[in-house]
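Colleague: I am new to reading protein models. Could you take me through the features one by one?

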Amino acid sequence: MDGLRTVFLESILSNDSVQTLFDRVYAFMKLPLICFDVSFAVVAYAFPRPYSYTHWEDIVAYGRASEKTIVENEYLTYQEFMYKKGSSSYFDSGTCAGFPQACGPVMQDGRLIAYCGIMIEDAGINEAIEANDLLSQVISVLLRPGRSEEGSTCVEAIAERALLGDSLSLESAAKLCASYPPPYVFVTLCSSGKSGVSTLEYVCSALCADKKRVIGCSSDGQYIYLLYYGLHPSSGLPVIMAALGDILRKHPFDIGVSDCFDNPSEISGGKIQSMLALSVGRASAQKLTLFQEHYAEILGYCAIEYFGRNVCRLPEIDLLAATDARRGTEVLKTLEAYLRGFRRHTTAAAALCLHKNTVSKRIQRIEESIGVDLSDSKTADRLSLGLIMHRLLESIAEKERL
Amino acid sequence: MMSNITGRIDEVILSGLIVGNGLQQIINEACSVTGIEATLFDLGGNVLVSSLCQDSSYTVPAAHLIHNDERVSIMLDTKKPVILDDPSGSGRRQSFCPIIKRGSLVGISSVSYDPGAGDERACTAAKRFAQLFVYLRGDGDDTPLSAGSHLEAGFARELLMHGEDISNSILCELFSRGTGSPLRFAPAFAIAAMSVGKATSPNEAALADAERTVHRNIPSSFHLICDGLLLIFLYGIGEKDLSEGGRVFLPLVHIAQQHGLCCGVSPAFRDLADRKGHKLQAVQALLLGLSAGSGTWVFPASSMYSDILISGAVRHVGLSILELSEVRLLAKHDAVNGSEYLETLERYLCCGNVLSFAAASMFLDRGTLKYRLQKIKDILHMDFDDPDDALRLRLGIAVHRLSHLPDT
């Protein structure tokens, strides 16, 4: 261990790359070792190739583990175990059967950034674990972005601070704009409790891979914040939706997407929009919620937060809902279709699969029962909003019941 | 007399608060009917209020104990009452308890009594005087208000400035002890908020005058002035009292007219737990009514449902968060190019997306309107004839129109 410590120290003082460190360590210990980041892309390795342990060999051969391999071999489960322990552990079962190894997380400022492992072979288990712990700490030092003041002003650091909620100075905003041009969309992913930090970091790194015009970071072991930049006016949002939909198919997340904005100083506003979309999505059991598409519900949700639930109810809608409950009618549904169809009987009739005259009679009865004139646009707007509030309050109540 | 000092004290306190007596008078009366003596000290041992002359033989021993007896210091640390024998050898006892205001120690309440009165009752009496001191002197002044008693003012504060369950308030507790039943309001309730028109600064004198008029003309109400607003809590409202010409609506109009004020009124409600939200509605109705400049005196929130909900949402998270990018884009285009695309779109959507109707309402040729709408579509890259997009834009434009609304 003393000799190993000397090797580590020399590497740090020489400002070695992680690969050079690994070459030095391998020359000293003659034990295979590897380091890969949270997306299972290789950072450095040291073992003769082709290596008999296929999991490490494939990562090096292809540059990263494939998603199929990650899922089939439950890599994230192993990584989560390492992360929760916070230090190296001995593995010799499952995917490590026949290849006993010491593996552990590489942490930097409390954040998981990579994993490293040493094959034990003929070394002592405790020694290997101790060596791997030290190795992970040295890797963390070598991978630090910048140990001088410049580290904190580099654009990636600025972007991360902005994503986490810090306000930007004019100078920082200009730097950000130059590297990541507008227009922007802010996306918040929230782990629905079943995913660990390893999964969070993996998903974040997968979404932010090269050439995807997105920067991101994780937070609080639960959230991923993404800033998509340089969006194409027409195809930008569909591309984002496709990527997020792909994530939703594989991992348990809830996602909120902000409106578009042009100024980096509006990043915090975009974040709030995405969080509002997330809240509304959760209330209505939707996994992916766009601020624009659910604007009315978001307005309603904010109004409920401000005034309280009962205060936001529209008495006329409550009356119609009570009628439906008592008589088993579809008065609210009819009204909704009518208002949505720009108050045209034919449009509402088509949506409800009814005759135009049936719709007409129903609308007349509604007008009589609540004493309104639906041809008045202000009345129509009031009832539209009242309906939205009614549906929102119902879904919130339903969610609380469950 | 001495065996039921707690009940007698509560009765005297309640009566005193109802008629608007000050702290000194209430304590004097409470002590004279029960035979105890009470003195309230600050933490330095100086007398704040006493039922006796300052050189009384009962006050001096209490002060002596405060300065010299360790058990009083322990009482201040533990906040638990302590009972000590009168050091003057009179055979009486002294009960001490802390006076706590908003979690902080501010003084000591002491009661001197004959042991026959009972230690527990004497402790309760000391605690009651401490509560009374905090209630009346909590804001540094217990001079009676010009309108209404302390009880009414305190209750108005609890109803209009807080949202908690009022059944735990000292006022409800006193009423339930004194009268045998808790104070009951008859629903329905409503809240009104009055302020001056578009004056640059609040007119406190006009509000105070209006408050006196409310006190005279609307007896089923509690009221207070806060932050440039006269807030009125109305109770016992009937079904039509808030409609135009109604029993409550008309007096509000008259009061507003008489004093040059404007008034927002919440809808009627039955659950006191909703009072905070309804107060916010009344204030929003007032602000929206003032900004519309319609020349009306009273603005019922029930006729402004959409605007109030939207303005509440905007107040909750901020206009910049809720402003739609499409609306901002169109507004910016109008500002730069002198066009009227935002208003055109708004009118088209208000007319149910019917081209001929919208063109007629804008005194435009159909062709001109169609051309403008196409230009708008080119800018926004969207089809606002889609029902969901149309609703979103209508709401977004309503939010945008609120950008001129002043803060409360």
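Colleague: How many helices and strands does chain B have?

Modeller: Helices (H or I, at least four residues) and strands (E, at least two) are DSSP runs, numbered from the N terminus. Chain B has 17 helices and ten strands. This is a predicted model, where local features need pLDDT of at least 70, side-chain atom pairs count only at pLDDT 80 or more, and totals for chains, interfaces and linings use all residues. Residues are numbered from 1 along each chain as its sequence is written, chains are lettered from A and ligands numbered from 1 in the order in which they are written, and side-chain values use heavy atoms, with hydrogens and water left out.

Colleague: What share of chain B counts as buried?

Modeller: Buried means under 20% relative accessible area, exposed means over 50%, and partly exposed is in between (1.4 Å probe, protein chains only). Chain B has 408 residues, and 51% of them count as buried.

Colleague: What do contacts say about the chain?

Modeller: Contact means heavy atoms within 4.5 Å. Take the contacts in chain B between residues at least 6 apart in sequence: 60% join residues at least 24 apart.

Colleague: Now the two chains together. How many residues does each give to the contact?

Modeller: Chain B gives 39 residues and chain A gives 36. Next comes buried area, the accessible area (1.4 Å probe) that two parts lose on being put together, summed over both. Here that is about 3200 Å², with 64% of it on carbon and sulfur atoms. On the chain B side, B:Tyr305, B:Leu309 and B:Ile321 lose the most area to chain A, together 20% of what that side buries.

Colleague: How many salt bridges join the chains?

Modeller: A salt bridge is a side-chain nitrogen of Lys or Arg within 4 Å of a carboxyl oxygen of Asp or Glu. Three of them link chain B and chain A. One of them pairs B:Asp388 with A:Arg340, at 2.7 Å from N to O.

Colleague: Which elements of chain B touch chain A?

Modeller: The elements giving two or more residues are α10 (275-292), α11 (305-317), α12 (319-322), α13 (325-337) and α17 (387-401) of chain B. The largest share, ten residues, comes from α11(B). By type, this side of chain B has 17 nonpolar, twelve polar and ten charged residues. For that split, Ala, Val, Leu, Ile, Met, Phe, Trp, Tyr, Cys and Pro count as nonpolar, Asp, Glu, Lys and Arg as charged, and the others, Gly among them, as polar.

Colleague: And salt bridges over all chains?

Modeller: The whole structure has 33. One joins A:Arg5 and A:Glu130, with the closest N and O atoms 3.2 Å apart. A:Arg5 is in helix α1 (residues 2-13) and A:Glu130 in helix α6 (residues 125-142) of chain A, so the pair ties together parts 125 residues apart in sequence. Another joins A:Glu160 and A:Arg111 at 2.7 Å, N to O. This pair links helix α8 (residues 155-164) to strand β5 (residues 111-119) of chain A, so parts 49 residues apart in sequence are tied together.

Colleague: Which charged residue is buried yet has no salt bridge?

Modeller: B:Asp86. Lys and Arg count as positive and Asp and Glu as negative; His and the chain ends are not counted. The nearest side chain of opposite charge is B:Arg92, 5.6 Å away. B:Asp86 lies in the loop between β3 (82-85) and β4 (93-101) of chain B. Its side chain does join that of B:Ser90 in a polar contact of 3.4 Å. A polar contact is a pair of N or O atoms within 3.5 Å; within protein, one must be able to donate a hydrogen and the other to accept it, and residues adjacent in sequence count only if both atoms are side-chain atoms.

Colleague: What about unusual backbone angles?

Modeller: Most residues other than glycine have a negative phi, and most peptide bonds are trans. A:Cys353 has a positive phi, near 55°. A:Cys353 is exposed, with a relative accessible area of 71%. B:His381 also has a positive phi, about 55°, and is exposed at 64%.

Colleague: Where are the cis bonds?

Modeller: One joins A:Arg49 and A:Pro50, with omega about 0°. Another runs from A:Pro182 to A:Pro183, with omega near 0°. A:Pro183 sits in the loop between α9 (170-179) and β6 (185-191) of chain A.
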